[in-house]
Amino acid sequence: PSRLGSLRGRAADVELADILERGVSRDALVEWIVPQIIAQLSPHTVHAVNSTVAFDVIERFGRGLAVRSRLLLSTFAIDRSTDGERLSVMFLRDPDFLDPVSAVLVDSTSFADTVVAELGYDADKFVVQRNTVDVARRGRTDATGVGVALPLRVFWAGRFDLPKRLDVFAGV
């Protein structure tokens, strides 16, 4: 769900998956459609969130786009394919890929340390932005409906997918 309505000023959201589903080729998006839109609109900030298309655009045209727009990236995980291959939008990029990028927002120090160590990126480009929620402690009721002073616990927060390693979680 979009939270664009909560942003101050004007913000636009372009969901690339919707465009691809309409039959527009991925190459067209990377080679001219997305870079042309960014260049023509010259937004203050371009924030690419875990999108291989958007990251490809930044890799190919980032230096030119950064003249007018601040470039931010967000990525959060090194996933695994069904056959166990490690996957990330940060993999297989030119060594200078992040040069025109202002910052890469990530949600863990571990992820940043891994891509810096394994891929040679500049550690100063990474900003760890922890996503925490402050909730009041609540009690729960037991099987009889009597209130008990137990903290509310989250059982699972995330998609049920292979990279989340539900097999390990089930073993715990």
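Author: Contact here means that heavy atoms lie within 4.5 Å. In this predicted model, valine 24 meets that condition with Ile19, Leu29 and Ile33, its neighbours within four places in sequence being left aside.

Reader: Where is valine 24 found, and why does it count as buried, exposed or something in between?

Author: Valine 24 is found in the loop between α1 (16-21) and α2. Buried requires under 20% relative accessible area and exposed requires over 50%. Valine 24 has 29% relative accessibility, so it counts as partly exposed.

Reader: How many helices and strands does the protein have, and what pattern do they follow along the sequence?

Author: There are five helices and eight strands. Read along the sequence, the pattern is α-α-β-α-β-β-β-β-α-β-β-β-α. Of the 172 residues, 26% are buried. Among contacts with a separation of 6 or more, 55% are between residues 24 or more positions apart.

Reader: What makes β1 and β2 a pair?

Author: A pair of strands needs at least two bridges found by DSSP. β1 and β2 have five bridges, in the parallel sense, so the condition for pairing is met. One of the bridge partnerships joins threonine 45 to arginine 70 in β2.

Reader: How do you know that β2 also pairs with β5?

Author: The condition of at least two bridges applies again. Strand β2 (residues 70-74) and strand β5 (residues 103-106) pair over three bridges in the parallel sense. Serine 74 has leucine 105 in β5 as its bridge partner.

Reader: In what order do the strands of this open sheet run, and what makes a strand an edge strand?

Author: The sheet has four strands in the order β1-β2-β5-β6, with parallel pairing. An edge strand pairs on one side only, as do β1 (45-49) and β6 (126-128). On average, neighbouring strands of this sheet are turned by 25 degrees against each other, direction ignored.

Reader: Why is β2 described as enclosed or open to the outside?

Author: Four of the five residues of β2 are buried, so the strand is largely enclosed by the rest of the structure. Helix α3 (residues 52-65) lies across β1 and β2 and runs at about 160 degrees to β2.

Reader: Why are α2 and α3 called parallel, perpendicular or oblique to each other?

Author: Two packed helices are described by the angle between their axes and the distance between the axes. The axes of helix α2 (residues 26-41) and α3 come within 9 Å and cross at roughly 50 degrees. Roughly parallel requires an angle under 35 degrees, and roughly perpendicular requires 65 to 115. The crossing angle of roughly 50 degrees fits neither class, and α2 and α3 are therefore oblique to each other. The crossing is right-handed.

Reader: Which residues of α2 and α3 meet, and how many are nonpolar, polar and charged?

Author: In α2 the residues are Arg26, Leu29, Val30, Glu31, Val34, Pro35, Ile38 and Ala39, and in α3 they are Thr52, Val53, Asp56, Val57, Arg60, Phe61 and Leu65. By class, this contact has ten nonpolar, one polar and four charged residues.

Reader: Which residues in the loop between β1 and α3 are buried or partly exposed, and why?

Author: Serine 51 is in that loop, and so is asparagine 50. The relative accessible area of serine 51 is 18%, so serine 51 is buried, the cut-off being under 20%. Serine 51 touches Leu16 and Val89, not counting residues up to four places away in sequence. Asparagine 50, at 40% relative accessibility, counts as partly exposed, because exposed requires over 50%.

Reader: What is said of phi at asparagine 50 and leucine 92?

Author: Asparagine 50 has a positive phi of about 50 degrees although it is not a glycine. Leucine 92 has a positive phi of about 60 degrees and is not a glycine either. Leucine 92 is found in the loop between β4 (86-87) and β5. With a relative accessible area of 86%, leucine 92 is exposed, since the cut-off is over 50%.

Reader: How do you know whether tyrosine 121 is buried or exposed?

Author: Tyrosine 121, in the loop between α4 (109-119) and β6, has a relative accessible area of 7%. The cut-off for buried is under 20%, so tyrosine 121 is buried. Not counting residues up to four places away in sequence, tyrosine 121 touches Met90, Arg93, Asp94, Pro95, Phe97, Leu98, Val115, Val116 and Phe126. Tyrosine 121 and proline 95 are 26 residues apart in sequence and 7.4 Å apart in space, C-alpha to C-alpha.

Key
Residues numbered from 1 in each chain as written. Predicted model: local features only at pLDDT ≥ 70, side-chain atom pairs only at ≥ 80, totals over all residues. Heavy atoms only, no water. Helix = DSSP H or I, 4+ residues; strand = E, 2+ residues; numbered from the N terminus. Axes fitted to C-alpha atoms, helices over the stretch in contact; angles between N-to-C directions. Buried < 20%, exposed > 50% of the residue type's maximum accessible area, 1.4 Å probe, protein only. Parallel < 35°, antiparallel > 145°, perpendicular 65-115°, else oblique. Left-handed = near helix turned anticlockwise from the far one by under 90°. Nonpolar A, V, L, I, M, F, W, Y, C, P; charged D, E, K, R; others polar.
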